[in-house]
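Me: I'm new to reading protein structures, and I keep tripping over the vocabulary. Can we go through this one together, asking each time what earns a label?

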Amino acid sequence: MPERILIDTDPGVDDAMAILLALASPEVQVEGISVVFGNSGDVDLLARNACAILELAGRTGAPVAVGATNPLVRAYHGRGSMVHGDNALGGVDLPAPAQQPIDRDAAHFIIDTCAASPGEITLVTLGPLTNIGLALRLCPDLPRLVRRLVMMGGAVSAPGNVNPVAEANVHNDPEAARLVFNAGWEISMAGLDVTMQIHMDDEYLATIRDLGNRAGQFVWDITRFYIDAYHRFGYEDMAVHDSCALMAIIRPEFFTSQFVYVDVETTGTLTQGQTIGDWRRQYGRDPQTHVLTGVDDVAFKRLYYERIATLP
Amino acid sequence: MGDWTLANLQSPYLQSLFSNLQSLIPPMPPLPVFIDCDTGVDDALALLLAARSPELDILGVSCVAGNVPLDAVVSNTLTVLDAAQRPEIPVAAGYAAPLVQAFENASHVHGEDGLGLPDWPRSSRRPDSHHAVDMLADILDAAAEPVTVIALAPLTNLAGFVQRHHALLPRIGRIVSMGGSVFSGGNMTAAAEFNIGCDPEAAAVVYNSGAPITLYGLDVFRQVTLTEEEVTSLERAGQPWSPLLGGLLHYLQRRFDQAEPGLGDGGAVAATILPGALETHAHRVDIELTGTHTRGMTVVDRRVASKDASHAATPNADVAFAIDARRCARLFVETLR
């Protein structure tokens with residue numbers, strides 16, 4: 001039985017790569033996509049990206065719901081385009097999708113989907129945690145309705161990517177992240193501790209382009225702007241953050257993890273959005289987060305290649 | 001021609017030849033240092049090592065509230081220097097409380113007395129009549145060359161020095177600061193190490209002072225440990241300080257329920273003496289002063305991308321990421337045996 005997943009995302013170059021991996025993998029069944037601001041502040045654009053990615057993969061069945069345009073408390077800073085380009089897909093125009101978002105906001109869509117199949121749906125979050133935070137405010141029982149939550153976000157021991165210690169998804173809405181980490185569910189966290197260990201360079205991406213299918217060409221095209229941003233920032237290759245969250249479901253044996261209580265800094269001057277691991281049990285709280293700390297980079301990239309090859 | 005074997009190497013003739021050759025290499029002049037401490041079990045280990053190290057010229061020792069209240073710190077410091085047969089080293093008392101926040105000690109780690117040895121007879125000596133900050137200023141003013149400050153405590157005294165004697169700051173060659181953490185979390189809170197968390201504002205003053213700093217944090221602090229055999233050899237060495245040293249090490253073994261006690265601050269002194277013992281990288285380090293979870297955290301900017309950002313492009317500390325822990329432990333044993 002495939003694991004039934006609902007993807008909350010701000011697509012986004014690496015989100016698009018992760019959604020393709022999910023759609024190409026028999027281990028998971030995508031029940032729907034909820035969209036949140038993040039890599040762009042224009043959620044309608046991001047929802048259109050989600051619909052277009054589904055069509056590209058030939059999978060138009062999954063509903064797409066539009067969600068939050070702003071963090072719970074703060075203003076959106078709008079810095080996503082530096083890495084993802086103006087349309088969040090590295091400037092690559094996909095054909096206008098026939099599929100339209102559903103007429104239900106993301107928070108309610110998440111609750112409806114989980115309530116319809118209690119204990120069966122896994123939430124996979126690839127963006128700021130605002131939609132999940134809103135859903136938790138509407139339905140505090142949500143943790144009992146879902147199977148588990150797998151997140152791309154945070155950095156417990158690794159350096160941050162928006163300040164010295166914070167990762168962008170958590171930093172984009174620290175209050176929502178704080179709600180999510182303290183909601184009473186177990187979390188698998190694919191943060192920068194593990195995502196920065198996957199290195200995709202142009203040589204590897206060219207092998208995906210040369211698969212000869214439109215998904216492979218799309219992956220090549222959208223990563224042009226994205227990998228250039230990494231080069232500008234001083235990296236030799238690019239990380240594929242969001243695909244780690246999916247791969248952790250598809251192939252958990254590729255990963256190592258540590259179980260620890262994690263909380264979110266919301267008031268620090270230098271540390272806003274930091275995910276703090278309580279390694280020495282100083283908060284007296286039970287661990288709730290499986291922090292992914294290691295990954296088999298070679299096996300990861302081999303399977304990613306094989307899965308993209310199965311798409312149209 | 002005889003075999004070139006260990007037996008030859010151990011022959012009295014060759015041994016005297018080697019020692020004659022060694023005597024031709026001029027000894028390094030001792031490094032002038034000033035030690036700021038909150039003695040403290042592991043501060044005591046650090047003081048013993050420093051006081052018995054020919055590689056160091058200890059110009060003075062200042063005391064600050066930290067592991068235990070100031071009076072106990074002063075008394076412990078004098079007691080340890082007595083045991084080390086170095087009563088001539090000037091000792092001064094500094095601040096009794098942090099710059100801004102209320103004082104919170106660490107007697108749960110070091111015992112109410114600070115050495116874990118409440119029955120150990122304390123020194124009858126008194127400290128210098130000057131405040132620690134002024135003693136440091138006088139010493140720097142008189143020093144012929146830059147002085148290395150080994151800071152093993154909350155940075156309250158050094159912040160006071162920066163605030164009151166800023167013109168003398170260039171006389172400090174380097175501050176080796178045991179404090180903070182890069183990726184190991186904290187020991188006072190989940191994010192803050194004790195020496196920084198005890199007085200975050202003072203740490204911020206020091207890190208913003210422009211003085212060259214080596215950050216010796218929990219990442220390396222916890223790695224320097226002694227074997228059980230080394231503990232035994234130190235305890236039985238028959239030196240004037242051996243009974244005190246044995247008592248301190250046994251307290252650590254009991255307190256942390258581990259046969260191989262960590263040297264703590266002692267490792268920072270060893271790493272100051274041994275060139276190349278630390279692997280350091282230059283980074284911008286700032287102190288988080290607010291934060292629900294992170295107040296008192298050393299925020300080390302390790303981002304590759306931050307090379308371009310102007311603030312991060314001005315590193316203010318050499319941050320220790322790795323240590324030759326065995327080499328440091330061996331130096332400790334060889335010096336105090």
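**Two helices, a core and two sheets**

Reply: Sure, and let's begin with a pair of helices in chain B: B:Ala44, B:Leu47, B:Leu48 and B:Ala51 of H3(B) meet B:Asn76, B:Thr77, B:Val80 and B:Leu81 of H4(B). Keep in mind that this is a predicted model.

Me: What makes those residues a contact between H3(B) and H4(B), and how do they divide into nonpolar, polar and charged?

Reply: The test is that C-beta atoms lie within 7 Å of each other. The residues on the two helices that meet this way are six nonpolar and two polar, with no charged ones. As for geometry, the axes of H3(B), residues 41-51, and H4(B) come within 9 Å and cross at roughly 40 degrees. The crossing is right-handed.

Me: Why is B:Leu81 called buried?

Reply: Count the C-beta atoms around it. B:Leu81 has 26 other C-beta atoms within 10 Å, and the label needs 20 or more. So B:Leu81 passes and is buried. B:Leu81 sits in helix H4 of chain B, residues 70-83.

Me: Which residues does B:Leu81 touch, leaving aside its neighbours within four places in sequence?

Reply: B:Leu81 is in contact with B:Leu47, B:Ala51, B:Arg86, B:Pro87, B:Ile89 and B:Val91.

Me: How do you know that B:Leu81 and B:Asp219 are not in contact?

Reply: Their C-alpha atoms are separated by 28 Å, and the two residues are 138 positions apart along the chain. The contact test itself uses C-beta atoms, with a limit of 7 Å.

Me: What makes helix H9 of chain B largely enclosed?

Reply: Seven of the eight residues of H9(B), residues 200-207, are buried, so the rest of the structure largely encloses that helix. The buried ones are B:Pro200, B:Ala202, B:Ala203, B:Ala204, B:Val205, B:Val206 and B:Tyr207. They pack against several elements of chain B, including helix H7 (156-164), strand S5 (172-178) and strand S10 (317-323).

Me: How much of chain B counts as buried?

Reply: Of its 337 residues, 51% do. Chain B has 14 helices and 10 strands.

Me: Which residues touch the most other members of the largest nonpolar core?

Reply: They are A:Leu20, A:Val35, A:Ala245, B:Leu47 and B:Leu48, in a core of 218 residues. Take A:Leu20: not counting residues up to four places away in sequence, A:Leu20 touches A:Ile53, A:Ala57, A:Ala215, A:Ile308 and A:Leu311. As a general point, nonpolar side chains in soluble globular proteins tend to be buried together.

Me: Now for the sheets. Why are S3 and S7 of chain A said to stand at the edges?

Reply: Look at the order first: eight strands form an open sheet, S3-S2-S1-S4-S5-S6-S10-S7 in chain A, with mixed pairing. S3 (64-66) and S7 each have a single partner strand, so one side of each is left without a neighbour in the sheet. Neighbouring strands there are turned by 25 degrees against each other on average, direction ignored.

Me: How do you know that S7(A) and S10(A) count as paired?

Reply: Pairing takes at least two bridges. Strand S7 of chain A (residues 255-260) and S10(A) have six, in the antiparallel sense, so they pass. One example is A:Ser257, whose bridge partner in S10(A) is A:Leu292.

Me: What joins S6(A) to S10(A)?

Reply: Three bridges do, and these two strands run parallel. With a minimum of two, S6(A) and S10(A) count as a pair too. Here A:Met189 has A:Val291 as its bridge partner in S10(A).

Me: Why is S10(A) described as largely enclosed?

Reply: Because five of the seven residues in S10(A), residues 289-295, are buried.

Me: What is the strand order in the open sheet of chain B?

Reply: It is S3-S2-S1-S4-S5-S6-S10-S7, eight strands with mixed pairing. The edge strands are S3 (91-93) and S7 (278-283) of chain B, each of which pairs on one side only. H4(B) lies across S1 (31-37), S2 (56-63) and S3 of chain B, and runs at about 175 degrees to S3(B).

Me: And where the chains meet, how many residues does each one supply?

Reply: Chain A gives 25 residues and chain B gives 23. On the chain A side, nine are nonpolar, 12 polar and four charged.

Methods:
Residues are numbered from 1 along each chain as its sequence is written. Chains are lettered from A and ligands numbered from 1 in the order in which they are written. This is a predicted model: local features need pLDDT of at least 70, side-chain atom pairs count only at pLDDT 80 or more; totals for chains, interfaces and linings use all residues. Ala, Val, Leu, Ile, Met, Phe, Trp, Tyr, Cys and Pro count as nonpolar, Asp, Glu, Lys and Arg as charged, and the others, Gly among them, as polar. A nonpolar core is a set of buried Ala, Val, Leu, Ile, Met, Phe, Trp, Tyr and Cys residues joined through C-beta atoms within 7 Å. A residue is buried if 20 or more other C-beta atoms lie within 10 Å of its own, exposed if 12 or fewer, and partly exposed in between; C-beta atoms are placed from the backbone. Helices (H or I, at least four residues) and strands (E, at least two) are DSSP runs, numbered from the N terminus. Axes are lines fitted to C-alpha atoms, for helices over the stretch in contact, and angles run from 0 to 180 degrees between N-to-C directions. A crossing is left-handed if the near helix is turned anticlockwise from the far one by less than a right angle, and right-handed if clockwise.
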